Structures are given as structure tokens and as C-alpha cells.
Amino acid sequence: EIRVECGIGIALMQKEQEKFSEGRANVAELEENFLQIMRAIHFPGIADKDEVSINTKTWMPYILPGGNQDRAWTFGDAGSGGKKVLFKICFALALHLTAARRNLSLPKLLLIDSTMKNITPDINRDVVAHFYKEVYRLLSDDLSTWQCILVDQTYFAPDEKYKLPLVERMLKKDDPEHPRLISYYTGH
């Protein structure tokens, strides 16, 4: 009986080790996906030699300039309000991308609200263009079974090569041709 219990204990330990290894692989892919998305959109301050490290206790992603842990920065250090929002959206995209690629349980709905509220197209045209290009690329590829709702002050149509099923709706205050989503709401 002792041998059976030890055998069961060893099997359980091996199973837990496999889960731990799988979890580590998930985190490593999330780090890589986050960095690839940041590079793809030309996020300001991201260089080729930079790395990403995710603290698995807090789930905070850190950018390590040139791999240097002493110079690490995260959400709060990203810069302006617009860059902080963009940083968070890139992390959400990386989470969804990792879930899709590794078949992890995550709702297949992505809501991106006010992505460019403080990063205006006339000032940061390159970042805005690359951001939308990357979102549409992901939605046409790894996230093709996801539903994405983009809410923004400016509309950037996807390139026709992506062949995305798209519903576009413009909302304007007091315009019956473009009614608001919540008819009785009169906030700003």
C-alpha cells in the first residue's frame, strides 16, 4: 500500500510539474507577444534590444530597456495619458493573442475604447496608423474568431486585404442620422 500511495503521489507531483511548466510557457509567450505588438505599432521608446518581463505575482508587464532590469518601466511610467492607454491596450491584445495561440480559456470579445483619445492622428500619425494596422492584422489572423468593438473619435478603415466583417457606426450629439448608443444619456 505504501508503494501505491507513493506512486500516486509521484504521479500527482509530475502532473503539477507539467502544469507549472505549461504556465511558464504561457507567460513566456505572453511576454513575446506583448513585445511584438509594441514593436509592430512603433510604440515610442521601444527599441530592438528591449525585453519584456511579467511579474507573475502582480501580472504587471515591465519593459527592460536593452534587457536591463534596473531601468525597467511599466504602465505608470509609459508617459502621457494616451501612451498609458495604448500600453494597456497592447497588453490586452497580447493576452488575447496568447489565449488564441495556446487555446486558453478567455472570452472571445475584445472591447477597445478611446484608443487615441490623447494620441491624436495629426501628432502621432505613425503610431495611430500602425496601431490600427496591427489590430486589423490580428483580427484577420489569430483573432479571426474574436469579436472586437473599437470605440474611437476617429475612424480608420481596415485595408481590404484583411476581408474583415465590419459594422461601422458614427455617433453624433443631437443628430438623428447618427444617434447615440444610449438615447437618454446626455453626458459629454
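This is a short talk through one protein chain, from its overall layout down to a few residues.

Okay, before anything else: what you're looking at is a predicted model. So every value I mention is computed from that model.

Let's start with the big picture. The protein chain has 188 residues, and 30% of them count as buried. There are three helices and four strands. If you walk along the sequence, they come in the pattern α-β-β-α-β-α-β. The accessible surface is about 12,700 Å², and carbon and sulfur atoms make up 53% of that. One more overall number: take the contacts between residues at least 6 apart in sequence, and 54% of those join residues at least 24 apart.

Now let's go to the first two strands. β1 covers residues 51-55, and β2 covers 60-64. The two run antiparallel, with five bridges joining them. One place to look is N55, whose bridge partner in β2 is M60. Between the strands of this hairpin there are four residues, and W59 has a positive phi near 65 degrees.

Here's something nice to see on screen. Which side chains of β1 point to the buried face? They're V52 and I54, which share one face and are buried. E51, S53 and N55 point to the other face, and those three are not buried. So you get an alternation along the strand.

Moving on past β2, we reach the loop that leads to α2, which is the helix at 81-102. T74 sits in that loop. Is T74 buried or exposed? Its relative accessibility is 7%, and the cut-off for buried is under 20%, so T74 counts as buried. Its side chain reaches the backbone oxygen of P61, at 2.5 Å. Setting aside neighbours within four places in sequence, T74 is in contact with M60, P61, Y62 and F87. You've met M60 already, as the bridge partner of N55.

F87 is a good residue to follow next, so let's talk about rings. How many aromatic pairs turn up in the whole structure? The search finds ten. One of them is W73 with F87: that pair is tilted, 5.6 Å centre to centre, with 45 degrees between the planes. W73 is in the loop between β2 and α2 while F87 is in helix α2, so this pair ties together parts that are 14 residues apart in sequence. Both W73 and F87 are buried.

F87 also pairs with F75. Those ring centres are 4.9 Å apart and the planes are at 80 degrees, so we call that pair edge-to-face. Once again the pair links distant parts of the chain, with F75 in the loop between β2 and α2 and F87 in helix α2, twelve residues apart. F75 and F87 are both buried.

Zoom out a little and ring pairs link F34, F43, W73, F75, F87 and F91 into a cluster.

Last stop, the cysteines. A disulfide is a covalent bond between the sulfur atoms of two cysteines. How many disulfides does this model have? The count comes to zero. As for where the cysteines sit, C90 is at 0% relative accessibility, so C90 counts as buried. C148, on the other hand, is at 23%, so C148 counts as partly exposed.

If you take one view home, pick F87: T74 is in contact with F87, and the rings of W73 and F75 both pair with F87.

Conventions. Residues are numbered from 1 along each chain as its sequence is written. This is a predicted model: local features need pLDDT of at least 70, side-chain atom pairs count only at pLDDT 80 or more; totals for chains, interfaces and linings use all residues. Side-chain values use heavy atoms; hydrogens and water are left out. Buried means under 20% relative accessible area, exposed over 50%, partly exposed in between (1.4 Å probe, protein chains only). A polar contact is a pair of N or O atoms within 3.5 Å; within protein, one must be able to donate a hydrogen and the other to accept it, and residues adjacent in sequence count only if both atoms are side-chain atoms. Contact means heavy atoms within 4.5 Å. A disulfide is a pair of cysteine sulfur atoms within 2.5 Å. Rings of Phe, Tyr and Trp (its six-membered ring) pair if their centres lie within 6.5 Å; planes under 30 degrees apart count as stacked, over 60 as edge-to-face and the rest as tilted. Two strands pair if DSSP finds at least two bridges between them. Accessible areas come from the Shrake-Rupley method with a 1.4 Å probe; for residues, only the protein chains shown count as cover.
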